[in-house]
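User: Please take a close look at one part of the surface of this protein, and then set that part in the context of the whole model. I am a first-year student and would welcome a connected explanation.

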Amino acid sequence: MKAVEKWGLDKVTHFLAGALIAVMAYLVACMAGATQAASLATGFGLSIVAGVVKELLDERFEWKDLLATAIGGAAATVGLIILYCT
C-alpha cells in the first residue's frame, strides 16, 4: 500500500480508527433517533475525543497522530454526507 509506505503504518491506523469511530458513532446516533446533523456531529466529535484521549494515555502526546485520527473522522463524515445527505 502506498499510503503505508508514505505515511507509515501508525498514521494509517490512526486515520482508519478515526473513520471507523465516526461511522459507528453516526450509526448509533441515527438508531437512537438523533437528527442527521446531530448524528454527523456526534460521529465526527467522538472521533476527535477518542484521538485526544488516546494521545493523553500514551507516554508521549503526538500531534501528528491526533491529526491523522481527525482527518480520518473528517473523511468518514464527508463520505456520510455524500452518501446520505445529497
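Analyst:
**The nonpolar surface patch**

Five residues, Ile21, Leu46, Val49, Val53 and Leu57, form a nonpolar patch on the surface, and together they have about 440 Å² of accessible area. The model that shows this patch is a predicted one. Helix H3 gives the most to the nonpolar patch, with 4 residues. One residue of the patch, Val53, has its place in helix H3.

How much confidence does the predictor place in this helix? Among the elements of the protein, helix H3, which covers residues 36–57, has the highest mean pLDDT, 97, whereas helix H1, residues 2–7, has the lowest, 72. For the protein as a whole, the mean pLDDT is 94, and 97% of the residues reach 70 or more.

The patch belongs to a protein with 4 helices and 0 strands. Along the sequence, the pattern reads α-α-α-α. The C-alpha atoms fill a box of roughly 40 × 30 × 15 Å, taken along the principal axes.

A further feature to consider is the largest pocket, which holds about 170 Å³ of space. The residues that line this pocket are Trp7, Lys11, Val12, Phe15, Lys64, Leu67, Ala68 and Ile71. Helix H2 (9–31) and helix H4 (63–84) each supply at least two residues of this lining. The largest share, 4 residues, comes from H4. By class, the lining has 6 nonpolar residues, 2 charged residues and no polar residues.

In summary, H3 gives the most to the nonpolar patch, while H4 provides the largest share of the lining of the largest pocket.

Technical notes: Residues are numbered from 1 along each chain as its sequence is written. This is a predicted model: local features need pLDDT of at least 70, side-chain atom pairs count only at pLDDT 80 or more; totals for chains, interfaces and linings use all residues. Side-chain values use heavy atoms; hydrogens and water are left out. On a 1 Å grid over the protein atoms alone, a cavity is a set of points where a 1.4 Å probe fits but cannot get out, and a pocket is an open set with protein on both sides within 12 Å along at least five of seven lines; lining residues have an atom within 4 Å of a point. Grid points are joined across faces, edges and corners, and a volume is the space filled by probe spheres set on the points. Ala, Val, Leu, Ile, Met, Phe, Trp, Tyr, Cys and Pro count as nonpolar, Asp, Glu, Lys and Arg as charged, and the others, Gly among them, as polar. pLDDT is the predictor's confidence in each residue, from 0 to 100. Patches are made of residues with over 30% relative accessible area and no salt bridge: like charges are joined within 9 Å, nonpolar side chains (Val, Leu, Ile, Met, Phe, Trp, Tyr) within 5 Å. Accessible areas come from the Shrake-Rupley method with a 1.4 Å probe; for residues, only the protein chains shown count as cover. A salt bridge is a side-chain nitrogen of Lys or Arg within 4 Å of a carboxyl oxygen of Asp or Glu.
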